[in-house]
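Could you walk me through this model in my viewer, one selection at a time? I would like to know what to pick next and what I will find there.

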Amino acid sequence: MKLSLLDYVPIFEGRSAQEAFNHSVELAQTAEQLGYERYWVAEHHHVPSVASSAPEMVMMMLLEQTSSIRIGSGGVMLPHYSAYKVAEQFKIMEARHPHRVDMAIGRSPSFKNVNEALNEFKTHQPDLTQQIDDLNKYFADDTQEPHRFMSLTATPFIESAPLMYILGMSDRSAELAAQKGLPFVVARMGQAPAQLNKVIQHYRHRFEEYHPSNATQQPYVIIAAFVVTADHEEMIDNLMDALHLWLMRINYLKQPPSYPSIETAQQRTYSQRELEKIAKDKKRIISGLPDEVAQQLSDLQNDYDVDEIMILPHVFGEENRLNLVKLVANAIH
């Protein structure tokens, strides 16, 4: 089973952003030693409890401190940005670290005020399909095919290119990934199994229709999910308490300044509505002792016919996160 990590770069209660970045470097180095396929950084704006507001910056930090694991964005919310500028950023990373850079592309608008700030002064919303075509042009240094910026190139000129992926949870995103011949990354966020399976099968079916008998282009599916494990059940319960509080609070207007500690979570009292939200969120999380988690991940791979599983080790505490990725890797391998 191929395993990867998606990191939100959490800022734990009592910690600083600097400490969060230092820890993510250590976690990426550990993942590399354990044989994880790739390590991606999420893009989150106006969320004080995570430090991943500019994943490209974090990526270069991680690339500089590792040597073989693929490092990527999970993802770049491309409609907010210029495809040309994004191409330049990723070509620089690829030039410095060839064959190690991933770009996962999404379209989440984020919070209303974030969307407005990121798109200030724009006269119209970019078309994501066109932006992906633009990236392909810039990565290929193509000045021959008709294009509105036909003679324009993105520098530096390099022999390789970042690998692109499409993030999504809908048929629309699956369709786009299939059409462009790109791997599809789908998040398991509590949706019904039938819906999750429908989206994945739509991608595979449409991929074959767009690219029949093409040995160089094959469908590839990564499924991402929160995973919580530890050496004993009491710690698992503790980590779940803190994760549930974080999941709940990030949807509040007044967000928490940091990822809450286990102690803070256990002191919290919940309303009936909040308890119902926690019960709903449990469907988003794979949890249990390491062997139980390994079995659940194996079932996930088989049930949805996925090629790779990307785990979100979004639990409280540096040592707990390091232990989590070690336990999962050892249980799987």
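One definition before we start: a residue is called buried when its relative accessible area is under 20%, exposed when the value is over 50%, and partly exposed in between. Keep in mind as well that this is a predicted model.

**Stop 1: a ring pair across the chain**

Select Trp246. With a relative accessibility of 3%, Trp246 falls under the 20% limit and so counts as buried. Now add Tyr8, which is also buried because its relative accessibility is 10%. There are 10 aromatic pairs by the rule used here. In the pair formed by Tyr8 and Trp246, the ring centres are 5.9 Å apart and the planes meet at 45°, so this pair is tilted. Tyr8 sits in the loop between β1 (2-7) and α1 (17-34) while Trp246 belongs to helix α8, so the contact ties together parts that are 238 residues apart in sequence.

Extend the selection to Phe12, Phe226, Tyr259 and Phe316: together with Tyr8 and Trp246, these residues are linked into a cluster by ring pairs.

**Stop 2: along helix α7**

Next, pick Tyr203 and Phe207. Their ring centres lie 5.6 Å apart with the planes at 70°, so this pair is edge-to-face. The two residues are 4 apart in helix α7 (residues 193-210), which means about one helical turn separates them. Tyr203 is buried at a relative accessible area of 0%, and Phe207 is buried with a value of 0%.

Stay on the helix and select Arg206 and Glu209, whose side chains form a salt bridge of 2.5 Å from N to O. Here the spacing is 3 residues within α7, again about one helical turn. Arg206 is partly exposed at 23% relative accessible area, and Glu209 is partly exposed at 43%.

Before leaving, click Val199, which is also in helix α7. Val199 counts as buried, at 1% relative accessibility. For a distance to try in the viewer, draw a line from the C-alpha atom of Val199 to that of Asn302: the two are separated by 16 Å, and these positions lie 103 residues apart along the chain when counted from one to the other.

**Stop 3: buried charges**

Side chains of opposite charge can pair when their charged atoms come close. Across the whole structure, a search finds 18 salt bridges. Select Arg38 and Glu308 to see one of them, with the closest N and O atoms 2.7 Å apart. Arg38 is in strand β2 (residues 38-41) and Glu308 in strand β9 (residues 308-312), so this bridge ties together parts that are 270 residues apart in sequence. What is the relative accessibility of Glu308? It is 1%, so Glu308 counts as buried; Arg38 is buried too, at 7%.

Add Arg70 and Asp102 to the selection, and you have a network of salt bridges linking Arg38, Arg70, Asp102 and Glu308. Then move to Asp281 and Arg284, which meet in a salt bridge of 3.3 Å, N to O. Both Asp281 and Arg284 are buried.

**Stop 4: a negative patch**

Now turn to the surface and select Glu233, Glu234, Asp237, Asp241, Asp291 and Glu292, which form a negative patch. Helices α8 (233-249) and α11 (290-304) are the elements that give two or more residues to this patch. Which of them gives the most? That is α8, with 4 residues. Asp291 is found in helix α11 and counts as exposed, with 62% relative accessibility.

**Stop 5: backbone details**

Most residues other than glycine have a negative phi, and most peptide bonds are trans. Select Gly74 and Gly75 for a bond that is cis, with omega near 15°; Gly75 is in strand β3 (residues 70-77). Another cis bond joins Thr155 and Pro156, with omega about 5°. Pro156 lies in the loop between α5 (128-140) and β5 (163-168).

Asp141 is in the loop between α5 and β5 as well. Asp141 is not a glycine, yet has a positive phi of about 55°, and is partly exposed at 24% relative accessible area. Finish at Phe121, in the loop between α4 (112-118) and α5. Phe121 has a positive phi of about 75° without being a glycine, and is exposed, with a relative accessible area of 76%.

Conventions
Residues numbered from 1 in each chain as written. Predicted model: local features only at pLDDT ≥ 70, side-chain atom pairs only at ≥ 80, totals over all residues. Heavy atoms only, no water. Patch = residues over 30% accessible without salt bridge, like charges linked within 9 Å, V, L, I, M, F, W, Y side chains within 5 Å. Areas by Shrake-Rupley, 256 points an atom, 1.4 Å probe, with all protein chains shown as cover. Salt bridge = Lys/Arg side-chain N within 4 Å of Asp/Glu carboxyl O. Lys, Arg positive; Asp, Glu negative; His and termini not counted. Charge placed at Lys NZ, Arg CZ, Asp CG, Glu CD. Buried < 20%, exposed > 50% of the residue type's maximum accessible area, 1.4 Å probe, protein only. Phe/Tyr/Trp six-rings, centres within 6.5 Å; stacked < 30°, edge-to-face > 60°.
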